[in-house]
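Q: I am new to this structure and would like a close look at a single part, the place where the two chains meet. Please take me through it slowly, and then show me what surrounds it.

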Amino acid sequence: MTSNETIIQTPLDTNAHAKPISVAIEIQGLCKKFGRKTILNGFNLTLALGENLVVLGKSGSGKSVLIKCIVRLVDSNEGTLSVLGENISELNNTKLNELRKKVGFLFQSAALYDSMTVRENLEFPLRNTHTLNEEELDAVVSEALKNVGLLDAIDKMPSELSGGMRKRVGLARTLILKPEIMLYDEPTTGLDPITSKEISKLILSVREKYNTSSIIITHDISCAKIIADRIIVLKDGMCFAEGTFDELQQSQDPEIRSYLEL
Amino acid sequence: MDKTNISKQEETDDEDVSGNKLVKGIESIFVEITLLTRFTLQFFRNLFTPPYELNELLKQCYIVGYKSLPLVGVTGFIMGLVLTIQSRPTLETFGAESWLPAMVAVSIIREIGPVITALICAGKVGSGIGAELASMRVTEQIDAMEVSGINPFKYIVVTRIVATTFMLPVLVIFSDVIGLTGSFLAVNIQGDVSFSLFFSQIFAKLDFMDVIPPLIKTFFFGFAIGLIGCFKGYNSDKGTEGVGASANSAVVISSLLIFIIDMMAVQITSLFS
Ligand SMILES: Nc1ncnc2c1ncn2[C@@H]1O[C@H](COP(=O)(O)OP(=O)(O)OP(=O)(O)O)[C@@H](O)[C@H]1O
Ligand SMILES: [Mg+2]
């Protein structure tokens, strides 16, 4: 670790776990309905610590709903969902907020606060961690923006950014809390191939640096190829196929192969 | 034969549908009231528990209060001017011209100032809050706050409601003062009354009950504007279309509430005087 990194420590880094945890996320029999429409239907998933799991699936198959269930943005109807060893449906608000700070969530739409500048957007998640003084805060923010190559946009408003830039600012904002689990909803959609590759590498380097476990939703097969330790395909609310990129590509089932075609 | 059967069938279907619609309509009103009550309780629960978002509160006070000053000032001025010009002929027929300042002052301070200012703020501030929160909801900004472990209700809703509650009385006082100035000018169009005489005539007739109860009700007006704007925006869920709908219904409902509160305030005040 360089001295630079010790400066940007947030209090979350010091939160040692009381009991050792073997898996990051464990989902059993997850069901989610909107009205009469079933989106998830007995979905099971285990995410190991430090693993990069890519979720593929058609548009509307419920990928975003799945990761929203993990942070309880959407309440599930059935099934158990444990995140870092805690059953999230049993947590009270304070505990849930504590847990949420350890889980980073990149929204499909980036969800930047459009009344704030890029800098304020990045400072916002840190506002309740009082341990940083002004200079340290500045350092953390510029470091995070440098990681996504947008340091010169620091004083811009979100409305002045392009779609791809917003996405990257969103990513920087999510990574600033150094989460233990990252949930990426289409991190490379709308980016050019070069930036897209850079983002994929960034996702890998985040894992390397902080041993983050990640779920990455994507339609970008080249991105999936770079980052995936394991891939699952979501179909009809269930896990339709599972395996490494090569395993799925060599599958006998043409339908499975079709998900991986470039 | 068949045809008549079918048309009869359709008719009963139609009746069914309109009957259903009525039931659904009534039901949705009750659902709405329940949700609003729960929203209000949630507001009070969040109001008194730390952390307090003071910076955001100040920012909202600036937006709600300071940014509304020009509009409120202009309408207040015109209100005072017009009211004075309109009242003069009537008072003249009774030879009670000297009552003009006091009469205008009482109507402005007791009723017209608070209600007009509140309605203008419902249109300007209430719709703004409704649209802003709805678009934050649609673009997942509220969700983003929630997942970063920050209570969006406290940050967004509580600050805005507190800001409108405390800024509206300030705006009303401002509007009253400007309105009386307008009235002074109007008096001087046809007569010649000095500034000090004008105001001493007013203060001779005004008493405690003319000033304090109207001021108290403006807090409720402000609360209603903020509450409805936030309620409509925060719970918007129909995409971009919902943004317009939220802004619209925020204005409609809060304007209606302002009249209802006004009516109750008048009833309560008359009990005491
Ligand atoms: N809040 C909601 N209310 C009702 N239905 C919803 C809601 N959110 C999602 N849905 C429905 O759930 C289904 C899955 O949505 P989801 O956003 O998870 O799709 P997705 O797999 O992420 O698609 P994409 O790849 O296009 O992002 C969709 O059919 C959608 O209509
Ligand atoms: Mg999605």
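A: What follows goes from the contact between the chains to the metal site and then to salt bridges and one buried serine.

This is a predicted model, in which local features need pLDDT of at least 70 and side-chain atom pairs count only at pLDDT 80 or more, while totals for chains, interfaces and linings use all residues. Residues are numbered from 1 along each chain as its sequence is written, chains are lettered from A and ligands numbered from 1 in the order in which they are written, and side-chain values use heavy atoms, with hydrogens and water left out.

The contact (heavy atoms within 4.5 Å) draws 23 residues from chain A and 14 residues from chain B. The size of an interface is often given as the accessible area lost when the parts come together. Here chain A and chain B bury about 1,700 Å² between them, with 54% of it on carbon and sulfur atoms; buried area is the accessible area (1.4 Å probe) that two parts lose on being put together, summed over both. Of the area that chain A buries against chain B, Arg100(A), Tyr113(A) and Phe124(A) supply 27%, more than any other three residues.

Two salt bridges are found across the interface of chain A and chain B, a salt bridge being a side-chain nitrogen of Lys or Arg within 4 Å of a carboxyl oxygen of Asp or Glu. Glu140(B) forms a salt bridge with Lys68(A), and the closest N and O atoms of this pair are 2.8 Å apart. The rule for polar contacts finds five residue pairs across the same interface, both residues at pLDDT 80 or more; such a contact is a pair of N or O atoms within 3.5 Å, where within protein one must be able to donate a hydrogen and the other to accept it, and residues adjacent in sequence count only if both atoms are side-chain atoms.

On the side of chain A that touches chain B, the elements that give two or more residues are helix H3 (93-101) and strand E6 (103-106) of chain A, helices (H or I, at least four residues) and strands (E, at least two) being DSSP runs numbered from the N terminus. The largest share of that side, three residues, comes from H3(A). By class, the side of chain A that touches chain B has 12 nonpolar, five polar and six charged residues, where Ala, Val, Leu, Ile, Met, Phe, Trp, Tyr, Cys and Pro count as nonpolar, Asp, Glu, Lys and Arg as charged, and the others, Gly among them, as polar.

From chain B, Ser148(B) offers a closer view, in the loop between helix H5 (141-147) and helix H6 (152-190) of chain B. Ser148(B) is buried, with a relative accessible area of 9%; buried means under 20% relative accessible area, exposed over 50%, and partly exposed in between (1.4 Å probe, protein chains only). Not counting residues up to four places away in sequence, Ser148(B) touches Lys101(A), Tyr113(A), Pro125(A) and Leu177(A).

Chain A also takes part in a metal site, where Ser64(A) through OG and Gln108(A) through OE1 coordinate the magnesium ion (ligand 2) at 1.9 to 2.3 Å. This pair links distant parts of the chain, 44 residues apart, with Ser64(A) in helix H2 (residues 63-70) of chain A and Gln108(A) in the loop between E6 and helix H4 (118-123) of chain A. Donors are N, O and S atoms within 2.8 Å of the metal (3.2 Å for Na, K and Ca), and water is not among the atoms, so sites may look incomplete. Gln108(A) is partly exposed, at a relative accessible area of 36%.

Over all chains, the count comes to 16 salt bridges. In one of them Asp155(A) pairs with Arg119(A), the closest N and O atoms being 3.5 Å apart; Asp155(A) counts as exposed at 53% relative accessibility, and Arg119(A) as partly exposed at 22%. In chain B, the side chains of Lys217(B) and Asp262(B) meet in a salt bridge (2.7 Å, N to O). Lys217(B) lies in helix H8 (residues 208-234) and Asp262(B) in helix H9 (residues 239-272) of chain B, so the pair ties together parts that are 45 residues apart in sequence.

Finally, Ser200(A) sits in helix H7 (residues 193-210) of chain A and counts as buried at 1% relative accessibility. A polar atom of its side chain lies 2.9 Å from the backbone oxygen of Ser196(A).
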